[in-house]
Amino acid sequence: QVQLVESGGGLVQAGGSLRLSCAASGGTFSGYNMHWFRQAPGKEREFIATVSRSGGSAYYTDSVKGRFTISRDNSKNTVYLQMNSLKPEDTAVYYCAAGGAFGGSKADYWGQGTQVTVSS
C-alpha cells in the first residue's frame, strides 16, 4: 500500500509559478510510474503528466506542454510538478498518483490533492 501526500499548492497570480511536491511512503517508489492529474470545479479529472520509473521519460497533456515539468527523486521518494506561466484555467485540485501505465489515465494509488488557484 502506497501513501501519497501532496504539498505546495496555493494562490498565485497569472503568469506566476508554483512547485508541487508529492511524498510517497509504504511502497517501492521507484517501481511505479508517477502521474499528476487535476480536477477543476464542475469538470472531470484531467491527466496532466507522467514520469517514468527511472525519471528518464516524461509525457504531458497538450495544455501544459512547455509550461509544466514533472520530475522525481527516487532517493527522496518524491515526485514534483514545476508549474510556470500559470493561467486562471489551471485552477484546480491537483493530485499525484502512482502505478498504472506510462501516460495512462489510471493509477493504483492516489493522494488527497492540493488546491491551486490562479488569479487573473
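Q: What makes S1, S3, S8 and S7 an open sheet, and what are its edge strands?
A: The four strands line up in the order S1-S3-S8-S7 with antiparallel pairing, and S1 (3–7) and S7 (68–73) are the edges because each pairs on one side only. Strands here are DSSP runs (E, at least two residues), numbered from the N terminus. The twist averages 15 degrees from one strand to the next. This is a predicted model, where local features need pLDDT of at least 70, side-chain atom pairs count only at pLDDT 80 or more, and totals for chains, interfaces and linings use all residues. Residues are numbered from 1 along each chain as its sequence is written, and side-chain values use heavy atoms, leaving out hydrogens and water.

Q: How do you know that S3 and S8 are paired?
A: Pairing takes at least two bridges found by DSSP between two strands. S3 (residues 18–25) and S8 (residues 78–83) have six, so they count as an antiparallel pair. One of the matches is Cys-22 with Val-79 in S8.

Q: What makes S4 a paired strand, and with which strands?
A: Five bridges join S4 to S5 and six join S4 to S9, so both pass the two-bridge mark. Both pairings are antiparallel. Phe-37 stands opposite Phe-47 in S5, while Trp-36 faces Cys-96 in S9.

Q: Why is S4 called mostly covered?
A: Buried means under 20% relative accessible area (exposed is over 50%, partly exposed in between; 1.4 Å probe, protein chains only). Five of the six S4 residues are buried, so the label fits.

Conventions:
Axes are lines fitted to C-alpha atoms, for helices over the stretch in contact, and angles run from 0 to 180 degrees between N-to-C directions.
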